[in-house]
Amino acid sequence: QTQLFRYVLQLADTSLILAHRLSEWCGHGPILEQDLALANIALDFLGEARSYYQYAAELEGQGRTEDDLAYLRSAVEYRNPLLVEQPNGDFAATIVRQFIYDTFHYHLLQQLQAGPDTQLAAIAEKSVKEAAYHLKWSSEWIIRLGDGTEESRRRVEQAIASLWRYAGELTTPNATEKELQAAGLVPDYAAMLPQMEAHVARVFEEATLPVPQGVFMQKGGKDGRHTEHLGYLLTELQYMQRTYPGLTW
Amino acid sequence: QTQLFRYVLQLADTSLILAHRLSEWCGHGPILEQDLALANIALDFLGEARSYYQYAAELEGQGRTEDDLAYLRSAVEYRNPLLVEQPNGDFAATIVRQFIYDTFHYHLLQQLQAGPDTQLAAIAEKSVKEAAYHLKWSSEWIIRLGDGTEESRRRVEQAIASLWRYAGELTTPNATEKELQAAGLVPDYAAMLPQMEAHVARVFEEATLPVPQGVFMQKGGKDGRHTEHLGYLLTELQYMQRTYPGLTW
Amino acid sequence: METLELTQEEQFQARIDADIRIEPKDWMPDAYRKTLIRQISQHAHSELVGMLPEGNWITRAPSLKRKSILLAKVQDEAGHGLYLYSAAETLGASRDQMLADLHSGKAKYSSIFNYPTLSWADMGCVGWLVDGAAILNQVPLCRTSYGPYARAMVRVCKEESFHQRQGFEIMQTLCEGAPVQKEMAQEALNRWWWPTLMMFGPKDADSPNTAQSMNWRIKRFTNDELRQKFVDMMVPQAEFLGLTVPDPAVKWNADKNGYDFGDVDWEEFWNVVKGNGLCNQERLGARVKAHEEGAWVREAALAHAAKRKQRASEV
Amino acid sequence: METLELTQEEQFQARIDADIRIEPKDWMPDAYRKTLIRQISQHAHSELVGMLPEGNWITRAPSLKRKSILLAKVQDEAGHGLYLYSAAETLGASRDQMLADLHSGKAKYSSIFNYPTLSWADMGCVGWLVDGAAILNQVPLCRTSYGPYARAMVRVCKEESFHQRQGFEIMQTLCEGAPVQKEMAQEALNRWWWPTLMMFGPKDADSPNTAQSMNWRIKRFTNDELRQKFVDMMVPQAEFLGLTVPDPAVKWNADKNGYDFGDVDWEEFWNVVKGNGLCNQERLGARVKAHEEGAWVREAALAHAAKRKQRASEV
């Protein structure tokens, strides 16, 4: 039960932090249509985050709300993987971060929707359709940028070089995930890998990009050991709730 | 009494916000020696801010501390002029912001140290020596950048174009200042202007830069109407105190 | 035999007077086309720039629900921008040219967006007052003479009135909340009241194009008429919220069945129009920056599309 | 007649053995010079990069007093960097070249700075543990054989021990504060304990250069000796604070009159050294960015100085 709470919180934090990063683009996108798309994806992740937080609050059963969980925990209590807290950088970095996460997210939700936990399955079933669209969108942009201009290729390669090192954490189970995998509540990431890798290979081939090999993988976020970026993100995210505790907005 | 409290708070906010901006450079300066200089100036302003906050707290007499005043007031309660909250930009923008403020600050302190309020006079007397050094430093950099390379000239001109519009607020008294000027507690800014303008003219001439003319001047900060930059600055500045109210650090 | 033939211009005006919509392929006077392009693109730019003041609080919204509503709202504004650019394109304007005119300062956008958003209550005021004023300006445009514009406005107005209710609800929550929240609401109202009154434009006496625009039915009320409507609508709402409108001259006038109110600071109005508002440089700067930093993305998308097309033609 | 003449090398070693300081103009073996340049510049780079993890909390320090102390401390580190670059310059190294080597990754800096600072308590741990470890490494260097280095270290150590007390005091304030503060302190200790043990370098058995460095008196204790000293010093301090060192193997050993402790994760150690720490890219990236973005400033200063000189010569 406690482990499930922790895992759902990890999913919630992940969706929230990614939504937050994407929402930073709002009004600053490279094309109005993509500004809309980014906001749209941010909204999907925000909605998913809220579902998870509500479920986590229910699992915990101590009267905390979705807002308590999102706004009143410190950086070292946050459980998102390092990838999603990385700054937006240029559009290429945002796309690469999104593509890496979408690839995992879509395949994860496919498993979760068939899993034994009915609430998680229900959230996953709703979100997997959105995730399929996200993956299509970010895959198409990887292809456009990789097989676009010299500059776009240089930028997407640079983004891959700086962000790929955070991919491994997604499919490396931490203690909580291992325990829940043993109980069949969390999918076996190893079994998901072939499909994920096949998708990456397909997209990168069309993008004429080499798939990164032998990258040293960073980890720690899922256990609360973050990069320094998260702290700054939380100062903004939490400012109002921290400043005016206990009020209704 | 209330007006004096407001005025001292305005001085305190101004020094704190400028110190905060300067401290953002720490570890990121263009030359190690200038990294040190920027930190040094930031420390001077921080020290000055603390003296003003302590005096303001005393004037108010309601048991608030320097930290309460600095950390527990919202953006619309802050009273610093708009100039000092503007982002660092490049080194040229930081220098121009500093030069504009130093010119005012030095001449203000010269007056305040001879003023009738003994506490303000004492703070001013201590700070005016530092302010003289700051003004020397920023003046020299204006000259170096103006009469340096083509790029440095372009950058310093750009910084002047974007920051000069905040100069006017410094010497335009708001209601509080007007009242205190009538009481002789705040110097007559109009009387300070000739000396300030002479200094600017001298430095700009040596820098081979034209003195800006006919700039539309922005104002509002001294009455709590700020630019959007201040809110973000305060989310960082105040995060800990807002998150953990009432604790000792 | 002398027939009673109408000129093109007369036929055009006759259709307008009969409330028959003008469509893209219909003949229209050059001045009508130009006025519309200017008005619609200005409106589109306002949606685009209008994303910024509210976008400023997305990352700091005080609850997940509010964050979600605010983000969706700003996204809607991007959507409105798209409809409106499309409507202007039916008149022969290109989006690239319209954006270039925005970025060079040639084209205008609503001055209200040159004011900063300084507290969460500003999200309430922008929705309640700014969107409220926008709706008063825009609802008549749903019946405007140019078809594509009128249809775009139907959609825009529907969403705007939804946004306006959300804004009011933010204010209501603040006013029913803790004292610090109510103070926040009042402080924001103090800052936004006068600028929203300016949204209806100069006084009728100083608005020389109004007559022609009304004749063409691309405007249906004068600036002063709309401003009066706005005050009459908002003063009771402020009272309902328990807030004080920052104008000591506001007073019910039974004779005119409306409120008297004080005079706008027209010097401030013209200063902001001329580019001297607090945020003019920041707003335009943010748009130009986004556009310039996005150039390589747009180029990449075009280059890739061309490669695809090339490959398809080779098959 | 055969005189008992010493070679230069033997004379040099004799001076070292007699604890006579080597000064810049004295003859010295190439290997000694190179080793010193490497060590001193590495130390200077560590001061420079070491500004970043603490600099990360200057804007978020929880009180004005703490903000001031922290800013002054980071400023001191910049000062230490300056002394040390100057000391290395007396050996013929140029600052430009040393910085280029840092930026290219050729020169190293202390791996401890590749760990992130995630909470305010990290400011305590960096002062208490990291500076504590640095002092143990550095105090013997005040008696190192090369004069300018030894003199720089006297100054550095004096300030470092001041910093270390400040760090301990931050920890003490947290531990005497609210439960949430004590938890913050413990959480930070959990993250910093093992990385600080790694600051003494690899095990003696894996440290082939130690013997030569000790011979030249530019090192006076082995890595393992210093690590033991550190544990013996810190475990009682942690106990005093009421904190638990995150090593279940820590236990007093009366036989050796010191603490037993667990083995460092050497895989992690070598990974961070090889550039795979969590912040390696960010730290080096921040330094390179500051240097590149500062290029035009340095050029302007040089250009202006040249113009002044030119003008002076024309008078």
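The questions and answers below cover chain contacts, salt bridges and one helix pair in a predicted model.

User: How many residues of chain A are in contact with chain C?
Analyst: Contact here means heavy atoms within 4.5 Å. On the chain C side, 47 residues take part. On the chain A side, the number is 47 residues.

User: What area is buried between chain A and chain C?
Analyst: Carbon and sulfur atoms give 69% of this area. The total buried between chain A and chain C is about 4000 Å².

User: Which helix gives the largest share of the side of chain A that touches chain C?
Analyst: Between chain A and chain C there are 19 residue pairs in polar contact, both residues at pLDDT 80 or more. On the chain A side, α1 (2–23), α2 (32–60), α3 (66–71), α5 (91–112), α6 (118–146), α7 (150–163) and α10 (229–243) each supply at least two residues. The largest share is 11 residues, and it comes from α2(A).

User: By class, how many charged residues has the side of chain A that touches chain C?
Analyst: Four salt bridges are counted between chain A and chain C. Helices including α6 (118–146) and α7 (150–163) of chain A each supply at least two residues to this side. By class, the side has 23 nonpolar and 11 polar residues, and the charged residues number 13.

User: Which residue of chain C meets A:Asp147 in a salt bridge?
Analyst: Side chains of opposite charge can pair when their charged atoms come close. For A:Asp147, the N to O distance to its partner is 2.6 Å, inside the 4 Å limit for a salt bridge. A:Asp147 lies in the loop between α6 and α7 of chain A and its partner in helix α13 (residues 295–314) of chain C, so the pair joins two chains. The partner is C:Arg311.

User: Is α6(A) parallel or oblique to α7(A)?
Analyst: Two packed helices are described by the angle between their axes and the distance between the axes. The axes of α6(A) and α7(A) are 7 Å apart, at an angle of about 125°. That angle makes the α6(A) to α7(A) packing oblique.

User: Which residues in α7(A) meet α6(A)?
Analyst: From α6(A) come A:Ile142, A:Arg144, A:Leu145 and A:Gly146. By class, the contact has three nonpolar, two polar and two charged residues. The α7(A) residues are A:Ser152, A:Arg153 and A:Val156.

User: Which three residues supply 40% of the area that chain B buries against chain C?
Analyst: In this interface, 18 residues of chain B are in contact with 17 residues of chain C. The buried area is about 1400 Å², with 51% from carbon and sulfur atoms. No other three residues of chain B supply more than B:Phe216, B:Glu228 and B:Tyr232.

User: Which helix gives the most to the side of chain B that touches chain C?
Analyst: Six residue pairs are in polar contact across this interface, both residues at pLDDT 80 or more. The top helix gives four residues, and its range is 229–243. By class, the side of chain B has six nonpolar, nine polar and three charged residues. The helix is α10 of chain B.

User: Which residue of chain C meets B:Arg165 in a salt bridge?
Analyst: Two salt bridges are counted between chain B and chain C. For B:Arg165, the N to O distance is 3.6 Å. The partner is C:Glu282.

Technical notes. Residues numbered from 1 in each chain as written. Chains lettered and ligands numbered in written order. Predicted model: local features only at pLDDT ≥ 70, side-chain atom pairs only at ≥ 80, totals over all residues. Heavy atoms only, no water. Buried area = accessible area lost by both parts, 1.4 Å probe. Salt bridge = Lys/Arg side-chain N within 4 Å of Asp/Glu carboxyl O. Polar contact = N/O pair within 3.5 Å; in protein donor to acceptor, adjacent residues only side chain to side chain. Nonpolar A, V, L, I, M, F, W, Y, C, P; charged D, E, K, R; others polar. Axes fitted to C-alpha atoms, helices over the stretch in contact; angles between N-to-C directions. Parallel < 35°, antiparallel > 145°, perpendicular 65-115°, else oblique.
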